[in-house]
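Q: Hi! I have a chain open on my screen and I'd like to walk through it with you. Can we start with the overall picture?

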Amino acid sequence: MLALTELGQRLRQERESKGLSLEDLQKLTKIQKRYLLGIEEGNYEVMPGKFYVRAFIKQYCEAIGLDTDAIFEEYKSDIPSTQTEDMPQQLSRVRSRKEIPQHTKGVSKAYDYLPTVLVVAGVVVVGIIIWVIAQNIVSDKNKEQANQEAPNSEVQQSNTQEETNETTAKNDNSTSEDDQSAADKKEKEKAAKEKAEKEKAAKEKAEKEKAEKEKKDSGKQEYKEVQKTGRSATYALSGTDAFNLEVTSTQADTWLDVKNGKGNAFFSSILKKGETKEFDLTKETEARVNIGYSPGVELKVNGKAVDLPYDSSKQVRQVVTIQYQPAEAQ
């Protein structure tokens, strides 16, 4: 337990030096907090199985920027080897079926209700016949009444024609108002369209000017490798009067630490997935970028993408130092 305690203390001290809580580490690694605490305390019994102990320790180390190979080599006698564990047998899903009820009793009961059903059907038929006769009588009365009211139809027609004329006049006025409203609407749409086109043209012009400026600056800018060792690399930036750095994480959360040559920190925290941080380092002569989880991390210098020094699938943690010399000082 002493060696395990030393490993846990090493991991905990490194995590705390990065300013990370167990909750932060849980978000980075997707490992439950109780398992992370078990690693720090050397209590591997809380793990779901011995197979996960090495995998969890590896993810812990990568998240806080430790070399996993070195850690496993240094504490190889303290970290259990993986073992195949028996899987629990699946529970049987076979269900018992209920017996199918017999239908003979239901058939005999149906015969008992047959006389009642016949009586009800007869009553319904008689009711339908009476309803048809009543409808015929009402129809005959309506025809007689229509014949009596025929002389008054001309007067009603005249009144209806006047009402129609009034309605037509109102509709004409309404149509005229609708036409005017449609014309106003069309004029507003035209003005809005012209405004949008002007704004679009102005935006395109600004973007074109910006692109031309960046192209002009990038043509002079030089970004050269100076030195490479371990997981660190040094580059020289020259031929430009600006030093703007952009860091974007596209795949997962990562630890990011950006300092100048004097050790003053511009940023030292977690860079969320999809988040971009921009730094104006024009007044600095050197910047050191420490990336805890490099897969999916993109770097841009003055708007131009630059490659990381190492393959992120092989070197997870990478440190990039950029030495800057303004063009006017050359």
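A: Happy to! The secondary structure of this chain comes to seven helices and 10 strands. Helices (H or I, at least four residues) and strands (E, at least two) are DSSP runs, numbered from the N terminus. This is a predicted model, where local features need pLDDT of at least 70 and side-chain atom pairs count only at pLDDT 80 or more, while totals for chains, interfaces and linings use all residues. Residues are numbered from 1 along each chain as its sequence is written, and side-chain values use heavy atoms, with hydrogens and water left out.

Q: How much of the 330-residue chain is buried?
A: Buried residues make up 26% of the 330 residues. Buried means under 20% relative accessible area, exposed means over 50%, and partly exposed is in between (1.4 Å probe, protein chains only).

Q: And what share of the contacts joins residues 24 or more positions apart?
A: Counting contacts with a separation of 6 or more, 65% are between residues 24 or more positions apart. Contact means heavy atoms within 4.5 Å.

Q: Cool. Which residues touch the most other members of the largest nonpolar core?
A: That core has 26 residues, and L7, L11, I39, M47, I57, Y60 and I64 touch the most other members. A nonpolar core is a set of buried Ala, Val, Leu, Ile, Met, Phe, Trp, Tyr and Cys residues joined through side-chain atoms within 4.5 Å.

Q: Which elements give two or more residues to it?
A: They are α1 (2-17), α2, α3 (33-41), α4 and α5 (68-74). The largest share, seven residues, comes from α4.

Q: Let's zoom in on I39. What does I39 touch?
A: Leaving out residues up to four places away in sequence, I39 touches G8, L11, Y44, M47, F56, I57 and Y60. In α3, I39 is buried, and so are Y35, L36, G38 and E40. Just after α3, G42 takes a positive phi of about 75°.

Q: What about a second core?
A: A second, separate core has 23 residues, including Y235, F243, V258 and L308.

Q: Back to the helices: at what angle do α2 and α4 pack?
A: Helix α2 (residues 22-29) and helix α4 (residues 50-64) pack at about 105°, with their axes 10 Å apart. Axes are lines fitted to C-alpha atoms, for helices over the stretch in contact, and angles run from 0 to 180 degrees between N-to-C directions.

Q: What do we call that arrangement?
A: α2 and α4 are therefore roughly perpendicular to each other. Angles under 35 degrees count as roughly parallel, over 145 as roughly antiparallel, 65 to 115 as roughly perpendicular and the rest as oblique.

Q: Which residues meet there?
A: From α2, L25, L28 and T29 meet Q59, Y60, A63 and I64 in α4.

Q: While we're on α4, is E62 buried or exposed?
A: E62 lies in helix α4 and is buried, with a relative accessible area of 17%. Not counting residues up to four places away in sequence, E62 touches T68, G292 and V316.

Q: New topic: sheets! What is the strand order in the six-strand one?
A: That open sheet runs β1-β2-β10-β7-β4-β5, and the pairing is mixed. Two strands pair if DSSP finds at least two bridges between them. β1 (222-229) and β5 stand at the edges with a single partner strand each, so one side of each is left without a neighbour in the sheet.

Q: How many bridges join β4 and β5?
A: Six bridges join β4 (residues 254-260) to β5 (residues 265-271), and the two strands run antiparallel. K259 stands opposite A265 in β5, and L256 has S269 as its bridge partner. Their hairpin has four residues between the strands, and G263 there takes a positive phi near 90°.

Q: And the sheet of four strands?
A: It is open too, with the order β6-β3-β8-β9 and antiparallel pairing. Neighbouring strands in this sheet are turned by 25° against each other on average, direction ignored. Five bridges join β3 (residues 244-249) to β6, and T248 stands opposite T276 in β6.

Q: Last one: where is D241?
A: D241 is in the loop between β2 (232-238) and β3. D241 and Y324 are 83 residues apart in sequence and 9.6 Å apart in space, C-alpha to C-alpha. Leaving aside neighbours within four places in sequence, D241 is in contact with T282, Y324, P326, A327 and E328.
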